[in-house]
Amino acid sequence: METELKLKLATADVARMREHPLLAELSTAAPREHELLDTYYDTPELDLWRGGLTLRVRRDGEAWIQTVKTASAGSPVLHERGEWESPLEGPQPDPADLSRQVKPQRLRELLRSPAIVGQLQPVFTNTTHRTTWDIALPGGQLVECALDSGSIDANGNGRNAEIGELELELKHGNPTRLFELALALHEDIPLEVANDSKAARGYALLQDEVPPPVKATPVRLGRKMRMEEALQCMGLNCMAQIESNVPGVLARSAESLHQMRVGLRRLRALLDMFRDLAPLPPELQEELDWLSGELGATRDWDVLADSTLPAISGIHTEALQAAAREHARNLHRNMLPTLHSPRYTHLMLRMNGWLRGRQWRPASGLGKDDPLHQHALDGLVPLVRKAQKRLRKRIEALDENDAPARHRVRIAAKKARYAAEFFRDLLPEKEVKAYIKCLSQLQDRLGHLNDLAVAGRLLPVLENGGHAHDGSYARGWVAGSADAGAQGLREALGKVARLKLV
């Protein structure tokens, strides 16, 4: 299993990175230079890729090596993949030979399938100049640092992409050191976290598909886990959802942006839940708030254009929808420099380092009396109860016609639901399922009311932009719908207030 942190840099900065004094200082020997030609093989239907594998033949000088890799596991930022390789006598792959090393039965059968092997053909090539350093970090960690420049060229369609990439591969030690090294380099030369591999970028050249949105995956907790392990597991699960949706957001997918925002919202709810046990550094909290604001403004216009306006009856809303979509497109376009910015890279590296390095620990280490040292089965109880209590208090104080107060109840309902979802593996199955369902129904209802409130705030922008009559009508319709939707809300709120999970 290889563990790599992949970072992108501008091709104009490759020469500067090659001469970076930090790499020279930490290197145990002179860097090695290689000219590499990588050819990726697959079927015309890309069966290997769709099955979670890549097959690569590399020429390094006079040597030929074939390599099979699995899809990245865990966080897209820190690539952890199965990798198997064997030497070849020439450029033709021999997947049957590699299959003997591959342990998962499904993947072994994929490589041995006559229907696949008989159709293998080159699909794209990478031509790369690689400079490699062997790095020894002060704590004893060993890292192989590879700086690549070159191009990816798709076979048959003439598409290509430049390569400017820095790979930090952990040979021995703590993965958090990779992020510290990356941050030190990023201070001098702008880097971006690579959420996809060269293979993924090569396959993207072959397909005219927007990357699919990625929803949250279940958090898997062991019944013997301690609270600290659970926090790390849950945090990295949220980070994976955020990071996995970046390619889709860069392709201006509204649903990918929504799922990235959900991942960020889950992370912030988790950190709020643990803030007394593992307080996040204030500067990191400030940066998470910044990113949340950037994503939220764009999402508001997506919802107005694609959900709220199409539901309005009594007028034709096509012109309003078109105007709202134009606002959304502009904001999606503005998200590109945000996600390419040094500020975003710094946030992702710092957040990953904080979670992976368990940087909430005091300098003296985690004592046996620390709440994070107790078993998660016991430690979850006060956290879940606290979320329930906050929700009940906000419900009891709510005026159903107060939109900001409704929104605060909605936020509390989300946090209570997220707490149950995070600890789901450790809670009674039947009870937690019913609890999450009830909270989700309330959240959906309050979410619709919040969408109407947001629409009331955004519609004047369209009115002032030349849609005075239709915008005014739509604003009246939204206000009326919000009033109607608030009727009978107290009964649903009362049902939720009576919920008890632990």
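Here a visitor asks a guide how the labels on this predicted model are earned.

Visitor: How do you know that E228 and R361 form a salt bridge?
Guide: Look at the gap between their side chains: 2.7 Å from N to O. The cut-off is within 4 Å, so the pair earns the name. The two partners come from distant parts of the chain, with E228 in helix α9 and R361 in the loop between α14 and α15, 133 residues apart.

Visitor: Is E228 buried or exposed?
Guide: E228 has a relative accessibility of 4%, and buried means under 20%, so E228 counts as buried.

Visitor: And what makes R361 partly exposed?
Guide: Its relative accessible area is 39%. Partly exposed covers what lies between the buried limit of 20% and the exposed limit of 50%, so R361 belongs there.

Visitor: What makes K415 and D272 a salt bridge?
Guide: Their closest N and O atoms are 3.2 Å apart, and the pair passes because the limit is 4 Å. This one links helix α16, home of K415, to helix α11, home of D272, across 143 residues of sequence.

Visitor: Why is D272 called buried?
Guide: With a relative accessible area of 14%, D272 falls under the 20% line, so buried is the right word. K415 is at 23%, so K415 goes down as partly exposed.

Visitor: How do you know that D276 and K386 form a salt bridge?
Guide: Their closest N and O atoms are 3.5 Å apart, and that is within 4 Å, so yes, the label fits. D276 sits in the loop between α11 and α12, K386 sits in helix α15, and 110 residues separate them.

Visitor: Why is D276 called exposed?
Guide: D276 has a relative accessible area of 62%, and exposed means over 50%, so the word applies. K386 has 35%, so K386 counts as partly exposed.

Visitor: Which residues do shared salt-bridge partners join into one network?
Guide: They are E4, K6, R130, D148, E165, E167, D196, K198 and R201. The search of the whole structure finds 34 salt bridges.

Visitor: On to rings. Why is the Y40 and F124 pair called stacked?
Guide: The ring centres are 4.5 Å apart, within the 6.5 Å limit, and the planes meet at 20°, under the 30 degrees allowed for stacking, so the pair is stacked. Y40 lies in strand β2 and F124 in strand β7, so the pair ties together parts that are 84 residues apart in sequence.

Visitor: What makes Y40 and F124 buried?
Guide: Y40 has 6% relative accessibility, which is under 20%, so Y40 is buried. F124 has 0%, so F124 is buried too.

Visitor: Why is the W354 and W360 pair called edge-to-face?
Guide: These ring centres are 4.9 Å apart and the planes stand at 70°, over the 60 degrees needed, so edge-to-face is the term. W354 has a relative accessible area of 1%, so W354 is buried. W360 has 9%, so W360 also falls under 20% and counts as buried.

Visitor: How many aromatic pairs does the structure hold?
Guide: Five. Ring pairs also link Y40, W49, F124 and Y203 into a cluster.

Visitor: What makes β3 and β4 paired strands?
Guide: Two strands need at least two bridges, and β3 and β4 have eight, so they pair, in the antiparallel sense. R59 stands opposite W64 in β4. The two strands form a hairpin with two residues between them, and G61 in the turn has a positive phi of about 70°.

Visitor: How do you know that β4 pairs with β6?
Guide: Six bridges join them, and at least two are needed, so they pair, running antiparallel. For K69, the bridge partner in β6 is E83.

Visitor: Last stop, helix α17: how does its reach stand against the expected one?
Guide: α17 has 36 residues and reaches 52 Å from its first C-alpha to its last, close to the 52 Å expected. Still, α17 bends by about 30° at R457, with the proline P460 following within four residues. Just after α17, G466 takes a positive phi of about 110°.

Terms used:
Residues numbered from 1 in each chain as written. Predicted model: local features only at pLDDT ≥ 70, side-chain atom pairs only at ≥ 80, totals over all residues. Heavy atoms only, no water. Expected span 1.5 Å × (residues − 1). Bend = angle between axes of the 7 residues up to and from the residue. Buried < 20%, exposed > 50% of the residue type's maximum accessible area, 1.4 Å probe, protein only. Phe/Tyr/Trp six-rings, centres within 6.5 Å; stacked < 30°, edge-to-face > 60°.
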